[in-house]
Structures are given as C-alpha cells and as structure tokens.
Amino acid sequence: MALNNMSAIMQHSTTRSNNKLFRVKYYMILISPLPIAAVAILFGRYSILFPLSSTDLFILGGVRLPRVLMTMMTGAALSIAGASLQSTLRNPLASPYILGLSQGAAFGAALAMIVLPYSQFMLPVMAFIFGLIAITITCMLARIRGTFSNLAVVLSGVIVAGVFTAFLSIVKLIADPYSLSGLVFWTMGGFYRVDWGKILIVAPGLVTGFIILSLMGWRLNVLSMGEEDAKSLGVNVRRDTIIVVSLSALVCALAIAVSGIVAWVGLIIPQMVRGIIGPDNRYIIPASLAFGASFLLIVDTLCRSLFTFEVPVSIITTLVAAPYFVLLLRKIGGGWR
Amino acid sequence: MALIKIENLCFSYNGFFEIYNINFELKKGEVTTLLGPNGSGKTTLLKCVYGILKPKDGCIYLDGKSLLELSQPELAKNIGCVPQIHNPVFPFKTIDVVVMGRTPYISMFSSPPIKDYKSAREIISELGISNLAERPYTMISGGEQQLVLMARALMQNPKLLLLDEPVAHLDIKNKVKVLSMVKKIAEKMKIAVLMTMHDPNDAIRFSHNIALMKEGKIIDYGYPDKVINEESLQEIYKMPFIILNQDNHKIVMYELEINSCHDPGRTL
C-alpha cells in the first residue's frame with residue numbers, strides 16, 4: 001500500500017515537472033519571434049547608427065519593418081496551414097507545397113501578374129481561387145473508398161502540383177522578357193517587393209485565418225483520430241474539413257501572393273513543433289505560428305545580409321529542411337511511429 | 001419502458017448488406033448481443049442504430065423519438081460508439097483521447113474545460129486504467145485501447161452504448177476484463193448496451209439478451225438460456241454443436257465435421 005502510494009506520488013511529481021518543462025518550451029516558442037524581429041530590423045547591409053537620422057528612420061519604418069512583418073506572416077501562414085492540413089488529412093506529410101496548394105496559388109497569382117490587367121487586389125484573389133481549386137482537386141483525388149489514404153494524398157499532391165507547375169510554365173512562356181525575370185524571381189520566394197500597401201491588402205485575411213485556426217485546435221485533435229471516430233463524437237466531418245482546408249488555402253494564398261513560393265516551411269515547422277511539444281493541436285497551432293514566423297525571419301535576414309546580392313528564400317529553406325528530413329527519416333526508420 | 005425500439009427496420013446497399021424486418025427493443029441496464037455468422041448483417045444493424053446508415057424502411061425510436069430527427073451532436077450525446085480498434089496517426093495522451101468524448105458538448109472553437117478532465121479521471125479509475133492517463137494512446141496494448149475507447153464513449157454520457165466486436169483482437173484475459181466491464185457498466189450506470197460478438201460462450205456469459213441473426217434477419221431473441229441451444233446454433237452457423245451443462249452454465253462445443261455438413265448455398 002505504502003509502495004503504491006509512493007509510486008503514485010512519484011508519477012504525480014514527474015507529471016508535474018513534465019508539465020512545467022512543457023510550459024517553458026511552449027512559451028519560449030511563442031515569444032521567440034519578438035527578439036528575432038528586433039534583431040532582424042536592426043540588421044542588414046545598411047548599418048543603423050544611433051542617434052537615428054531621417055534616412056535611418058525611413059529604412060527602419062518604410063523598408064525593414066514591413067519586410068519583417070510580411071516575412072513573419074508568411075512563415076506563420078505556411079506553418080499553420082501545414083499543421084492544420086496534417087491533422088485534418090491524418091497525414092504527417094501533408095503541407096501546402098506537397099498538396100499542390102502552393103503551386104495552384106502561384107499559378108493564379110502569375111495569371112494576375114502577366115495575363116490580367118494589373119490590379120493589386122486581383123493578385124491575392126486569384127491566388128486564393130486557384131489555390132483552393134488545386135487543393136480541392138487533391139482532396140477529391142485522394143479520397144478513395146471514403147477515406148484519405150496516406151499514399152493517395154501524397155500521390156494526388158504530386159499530380160496536382162505537377163500540373164499547376166506546367167500551367168505556370170505556360171504563363172512564363174507567354175510573358176514578355178521584362179515581366180519574366182520578375183516572375184521567375186517571385187516563384188523562388190522573396191520579400192524584397194514588400195511594402196505597406198501590399199501588407200494592408202493581405203493582413204486582414206491572414207490574421208482572421210490565424211485566429212480561427214488557432215481556436216480550432218481541439219476540433220483538429222478530434223478530426224485527426226479518423227473520420228468514423230470523429231463522426232461518432234458528433235462532429236460534422238465534411239463541413240469541418242471544408243472549413244479547415246479553405247482557411248489553410250486562404251492564408252497560404254495570401255502569403256504566396258506577396259512572397260512567392262517558399263518551399264518546405266509548411267512541412268518541417270509543424271514536424272519540429274510536434275517533436276518539441278507533442279501532438280496536441282491546441283498548442284501546435286499557436287506554436288507553429290510563432291515558430292514558422294521565427295524560422296522564416298532568420299532565413300530571410302540571412303538571405304539579405306549574407307552576400308551583396310539577395311538570395312531567394314526557397315533556396316535556403318530547402319537547404320535547411322533537407323538535412324533535417326534526412327535525420328527524421330533515419331530516426332523514425334521509415335515508419336511514422 | 002424500452003429505451004430503443006426498432007420497428008420493421010430494413011436496409012440494403014445496392015443489394016448488399018441487406019437486413020429485413022428487424023424488430024426488437026433494448027432496455028436500460030441490459031446488455032444485448034447480436035450473434036451470427038460473418039455477413040449476417042450484425043454490423044449493418046449496428047450502423048443503422050448508430051445513424052451512419054439511413055434505413056430504407058422502418059424506424060428506430062430512442063425514448064419514443066425517431067433517430068432521424070436527431071442532429072449529429074444530439075445523436076452523439078445519446079449514443080456512445082466504441083469502434084473497432086485502429087491506430088491513429090498522432091500519439092495523443094490517453095487522458096486527452098478520453099476527454100474527446102466530450103466533443104458533442106463543446107463548440108467548434110472551444111476546448112474542454114478542466115472539469116471534463118476531472119470526470120475523465122473518475123471514469124478511467126472506474127475502469128481500472130488510471131495508470132494509463134499520461135501514456136501515449138498509440139503505445140498501449142489492444143485491450144487497454146478498447147477500455148480507453150469505452151471510457152471515451154462513456155464521457156459522451158450516453159443512454160445507449162454500441163460496441164462492434166469489442167473483443168475481436170484481444171487475448172483471453174483482456175477479453176474477460178473488457179466484457180465484465182461492459183456488463184458492470186450497463187448495470188451500474190443504467191445504460192443499454194448493444195454489441196456484436198463471434199463466440200457463443202462469451203455471449204452467453206456476458207449478455208442479458210441475445211439476438212440470433214441469419215441472412216439479415218433476427219431469427220430468435222431473448223434470454224441466453226432460451227435462445228442458445230444445439231438446434232438454433234446449427235441453424236445459423238450450419239454446422240453441428242454440442243452443448244454441455246456445467247454448474248448451470250451452458251458451454252458450447254463444436255464438432256470437427258464441417259465438410260460433412262450440407263450447405264446448398266455455399267457449394268463450390
């Protein structure tokens with residue numbers, strides 16, 4: 001009896017210290033974007049010296065601040081979408097890039113840039129429409145006998161991504177040389193074109209998406225248990241899946257419309273966060289948001305200050321993500337548990 | 001009064017999974033087992049009661065109200081379902097899986113309150129699995145998962161509990177543990193239980209009522225002693241049985257002469 005009590009107390013105390021450790025990790029991730037943003041604003045090819053001159057103020061407020069904000073929102077958008085899609089489709093490999101959502105949105109944005117008459121509003125709208133079309137096709141193709149099989153989700157994503165990449169190439173073919181170079185650079189991802197005007201157009205949609213998805217953490221947990229389980233728990237699976245997929249498409253498309261295609265972030269950030277704080281989406285979603293923002297901010301700051309020319313972010317994100325994935329692959333030995 | 005009343009229930013899916021003219025009642029505090037060979041319509045009937053399949057004809061009443069009038073969350077508040085075990089992708093803590101049973105009571109944008117965690121801990125201690133609370137659900141054994149899913153279904157605060165072959169993959173010890181728990185819960189919490197099973201001995205031991213199913217129909221229904229005999233089992237399984245009486249317990253044995261048994265429908 002005494003022994004039982006002892007072990008019960010010990011278990012209780014380990015649970016509590018685990019909880020404490022968990023909180024420390026969680027809140028550290030949540031506040032991480034703040035110090036990183038502060039450093040990123042002061043860092044760059046042009047050195048900021050105190051006291052600030054009017055040129056310094058313009059560079060801080062008019063160039064670096066919007067760029068830092070947009071970078072954070074893009075990292076957050078891709079990561080939060082990746083985390084939500086992984087839970088809804090019950091597939092740890094789901095991400096905007098793998099499911100073709102990024103390519104669809106990029107094609108829509110390219111159409112708006114090259115083919116349609118120029119309008120600042122058309123760009124995000126077209127990106128959203130085609131992103132949504134792309135991921136809807138992927139989901140429909142992947143749904144075999146009433147469920148999303150893991151292999152079918154990834155293969156459908158490959159198909160849809162391939163098709164929309166081809167469409168994008170067609171747009172490149174018909175683009176005039178001047179727009180072409182801009183388009184090519186944009187598809188590699190970059191934040192050099194960010195200004196306050198663009199941020200004001202996409203920020204409301206992004207923030208709305210972030211808030212709603214963050215509130216849906218528990219529902220995502222239930223959805224990730226599988227369709228029959230979720231139904232037996234009173235969840236309208238079809239409706240909720242549509243809501244999550246549409247919101248993911250919305251935030252991704254808005255980010256892509258400004259920043260171009262940024263590869264891998266939506267896949268590795270949720271994976272890393274899950275590795276650090278566990279599978280509960282009530283924490284994963286806000287943590288992915290913060291961690292994605294921090295990660296992309298670091299990458300972009302390196303991109304613009306390492307060399308005299310600017311390196312497109314996708315190059316660095318891919319080079320960082322690939323070794324991480326190799327490690328992950330070795331660690332899990334090819335299975336997901 | 002009966003909690004669930006099933007009247008003239010018929011279902012068919014493109015000529016498959018047919019069940020006809022099902023009539024029976026489930027009472028609070030009683031375990032009813034559907035017994036019958038593979039393909040006899042047990043799971044189809046269960047899914048109709050559960051509302052996943054819409055009946056073609058007939059009606060199912062819960063407390064006098066047709067199931068078709070209930071929304072999905074309302075259904076989940078009244079009927080708890082323990083699905084066959086499968087491994088989910090993400091390693092949630094067991095206690096979180098149990099608390100998911102509260103989902104029909106909370107809105108899409110909120111999380112379960114602390115008191116739900118309290119009642120989840122009460123329920124798992126009732127089921128004797130408190131030690132699993134902080135362990136990942138994906139790392140516990142099949143028997144434990146079955147009990148966890150049962151705890152989750154009980155968190156829904158249901159009037160009716162449905163179990164689809166709850167002991168299909170369990171060893172004998174876990175099987176006895178799960179089935180005893182089902183019976184105890186039904187009697188203690190005054191819940192009606194409907195489950196499907198394959199072993200007649202388990203059905204006799206752990207149910208108040210047995211419904212024998214054959215080719216989509218219920219051919220007999222009642223107390224185990226009344227329903228289970230050599231003839232009735234031979235009729236549904238088309239093979240010979242011997243029933244022994246040991247201290248007033250019926251024990252079903254089978255003879256190994258399946259080939260000699262003539263089955264006109266299944267000749268090759």
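Helices (H or I, at least four residues) and strands (E, at least two) are DSSP runs, numbered from the N terminus. This is a predicted model, in which local features need pLDDT of at least 70, side-chain atom pairs count only at pLDDT 80 or more, and totals for chains, interfaces and linings use all residues. Residues are numbered from 1 along each chain as its sequence is written, while chains are lettered from A and ligands numbered from 1 in the order in which they are written.

**Chain B**

Chain B has nine helices and 12 strands. Its radius of gyration, taken over C-alpha atoms and set against a globule rule of 2.2 Å times the number of residues to the power 0.38, is 19 Å; the rule gives 18 Å for 268 residues, so chain B is as compact as a globular protein of that length. Along the principal axes, the C-alpha atoms of chain B fill a box of roughly 60 × 40 × 40 Å.

A residue is buried if 20 or more other C-beta atoms lie within 10 Å of its own, exposed if 12 or fewer, and partly exposed in between, with C-beta atoms placed from the backbone. Of the 268 residues in chain B, 40% are buried. Two residues are in contact if their C-beta atoms, placed from the backbone, lie within 7 Å. Among the contacts in chain B with a separation of 6 or more, 65% join residues 24 or more positions apart.

**Two loop residues with positive phi**

Neither residue in the table is a glycine.

| Residue | Phi | Loop | Other C-beta atoms within 10 Å |
|---|---|---|---|
| Trp264(A) | near 75 degrees | between helix 11 (237–259) and helix 12 (265–277) of chain A | 22, buried |
| Glu215(B) | near 45 degrees | between strand 9 (209–214) and strand 10 (217–222) of chain B | 15, partly exposed |

**Where the chains meet**

In the model, 27 residues of chain A are in contact with 24 residues of chain B. On the side of chain A that touches chain B, helix 9 (217–223) and helix 10 (227–232) of chain A are the elements that give two or more residues. Helix 9 of chain A supplies the largest share, five residues.

**Confidence in chain A**

The predictor's confidence in each residue is given as pLDDT, from 0 to 100. Chain A has a mean pLDDT of 88, and 93% of its residues reach 70 or more. Within chain A, helix 9 has the highest confidence, at 95, and helix 1 (residues 2–31) the lowest, at a mean of 71. Over residues 1–10 of chain A the pLDDT is below 50, and this stretch has zero contacts in the model beyond near neighbours in sequence. Where pLDDT is low, the predicted coordinates should not be read in detail.
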